[in-house]
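Me: Please take a close look at a single part of this model and describe its surroundings. Work outward from that part, and give the cut-offs behind the terms as they come up.

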Amino acid sequence: MPLRLVWPEIWDELRPLSARVMSGGGATWSANKRLLVRRHGYLEEAYFTFSFSPLREMSDGGRIAGVLSTYQETTQEVVRSRRLACQRELTAALTRLRTQRSVCIRAPSVLGDHPEDIPYSIVLLWGRYPSLSTPQLVATSGLGGRQATRRALAVFDRSDVLPEVVNETPLAGGRVVSGLPGWGSVLLAGGSSAPATAVAVALRNRTSAAPVGLLIVGASDLLALDQDYRDFVETIAGQISSGLMLTRAREAERTRAVSARRSSLRDALTGLPNRISFLRNLGRALLRSQRGSGRVAVLFIDLDGFKAVNDTLGHRAGDDLLCEVASRLRRSVRPADVVARFAGDEFAVLCEEIATMGAVETIASQVVEVLTLAGSHDRPTVAASVGVALSGPELLDPEELLNASDIAMYAAKRQGRGRYLLYEESMRS
């Protein structure tokens, strides 16, 4: 039979090669040539390495009487090679990502570069509590814009397929989904109809049965959905799951690091900044003040009568009192001022942009007033001695400014407690 009748779907590809040989152009060949052939009842993507050689009639002066064409099919090798390339690219792309969302966005971007095996992909991600929420769309590839994506998700939602995939498939297992009503309206980016068959795989944490998300991959209509194809999709889902678990571990590590850093800069009892944090803020404030944003004031506060509270009512009552003092201090100073607890019953306040001496005296007076706690039948009287130091040419070092306010605080104690004093150089002696 004529070749154009045996394989009409590839005749347009082969005819020029045959014509070249018959016209005397010499032998020709092609390596891993993509041909769409119909041999199993559907148009199938296949690859061949083949040659076209002239057959000569030697008794007729070597006239070209025909063509010998030999074929070696390389479909399996070509498809396997490009799928491995996809997996390598996906691994490289997901290795250094920092968040789960970035993994779910980057993965479809890579898969979109391999439309032969992945005509489209959809990645869905659950929140913190999968059993109480539905997966949310994160990213897609291959679909014809937002409208096609919405239609695809609507079809899956009406079919109730996705809950079955999550609940029934084992770890890293996929489920073939086909014949969904209304799927014909879903289009690929090029405008053609999306493949009618897909493989849906739950993205899981290997240490738990709870799903992390969901991967839906369209199966090419030009390839048999055999075990190799399913294994390929499930391997991709495993790579994405691993990427999600790795970023989740990194996020947890960053959270722990931030928490540890915050704890190292905070007083555990009152939640106020501690001495280390206060000195850092003070150093930055002094630098800003040198650029013309006013002077910096430090108020050093020591409670009078706190030891008697501890001795008579116990340390729990003392802790409650310290928390109350912290709350009163925050309410009495300006919103931008920094209140810190150093240790025991020692507190400090950092005030920036102080234009006049009267401004800082007003703040110090309010602090003394709000920290004067009258005694009762079960609690001794508590007051506060406050030392105030203002930055200037001689006080531009954080430790020196803090030390000056500490000296002024002890001077206030010597003058009768329950008051504030401004630092003077004579106080050092």
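**Strand E12 and its surroundings**

Reply: Ala383, Ser385, Gly387 and Ala389 point to one side of E12, while Ala384, Val386, Val388 and Leu390 point to the other, and all are buried (buried means under 20% relative accessible area, exposed over 50%, partly exposed in between, with a 1.4 Å probe and protein chains only). E12 is thus listed as mostly covered, with eight of its eight residues buried. This is a predicted model, in which local features need pLDDT of at least 70 and side-chain atom pairs count only at pLDDT 80 or more, whereas totals for chains, interfaces and linings use all residues. Residues are numbered from 1 along each chain as its sequence is written, and side-chain values use heavy atoms, with hydrogens and water left out.

E12 belongs to an open sheet of five strands, ordered E10-E11-E9-E12-E13, with mixed pairing. Its edge strands, each pairing on one side only, are E10 (338-343) and E13 (420-422). From one strand to the next the twist averages 20°. Helix H8 (residues 275-290) packs on this sheet, where E9 (295-304), E10 and E11 (346-354) are touched, and the direction of H8 makes about 15° with that of E11. Helices (H or I, at least four residues) and strands (E, at least two) are DSSP runs numbered from the N terminus; strands pair if DSSP finds at least two bridges between them, and contact means heavy atoms within 4.5 Å. Axes are lines fitted to C-alpha atoms, for helices over the stretch in contact, with angles from 0 to 180 degrees between N-to-C directions.

Strands of a sheet pair through backbone hydrogen bonds, either parallel or antiparallel. E9 and E12 run antiparallel and are joined by eight bridges; in this pairing alanine 297 stands opposite leucine 390 of E12. On the E13 side, three bridges join E12 (residues 383-390) to E13, and the two run parallel. Here valine 386 is opposite tyrosine 420 of E13, and valine 388 has leucine 422 of E13 as its bridge partner.

Serine 385 lies in E12 and is buried because its relative accessibility is 0%. The side chains of serine 385 and aspartate 304 are joined by a polar contact of 2.8 Å (a pair of N or O atoms within 3.5 Å; within protein, one must be able to donate a hydrogen and the other to accept it, and residues adjacent in sequence count only if both atoms are side-chain atoms). Leaving out residues up to four places away in sequence, serine 385 touches Phe300, Ile301, Asp302, Asp304, Met409, Ala412, Lys413, Arg417, Gly418 and Arg419.

One of these, arginine 417, is in the loop between H12 and E13. Its phi is near 65°, a positive value in a residue other than glycine. With a relative accessibility of 45%, arginine 417 counts as partly exposed.

The helix before that loop also meets H8. H8 and H12 (residues 398-414) pack with their axes 9 Å apart, at an angle of about 110°. H8 is therefore roughly perpendicular to H12 (angles under 35 degrees count as roughly parallel, over 145 as roughly antiparallel, 65 to 115 as roughly perpendicular and the rest as oblique). The crossing of H8 and H12 is right-handed (the near helix is turned clockwise from the far one by less than a right angle; anticlockwise would be left-handed). From H8, Arg275, Phe278, Leu279, Leu282, Gly283 and Leu286 meet Pro398, Glu399, Leu401 and Leu402 of H12.

Another helix pair can be set beside this one. H4 (residues 100-111) and H7 (residues 227-264) pack at about 155°, with axes 9 Å apart, and are therefore roughly antiparallel. Their crossing is right-handed. Gln100, Val103, Cys104, Ala107 and Leu111 of H4 make the contact with Ile236, Ile240, Gly243, Leu244, Thr247, Arg248 and Glu251 of H7.

A positive phi also appears in strand E1 (residues 28-38), where asparagine 32 is placed. The phi of asparagine 32 is near 50°, again in a residue other than glycine, and this residue is partly exposed at 39% relative accessibility.
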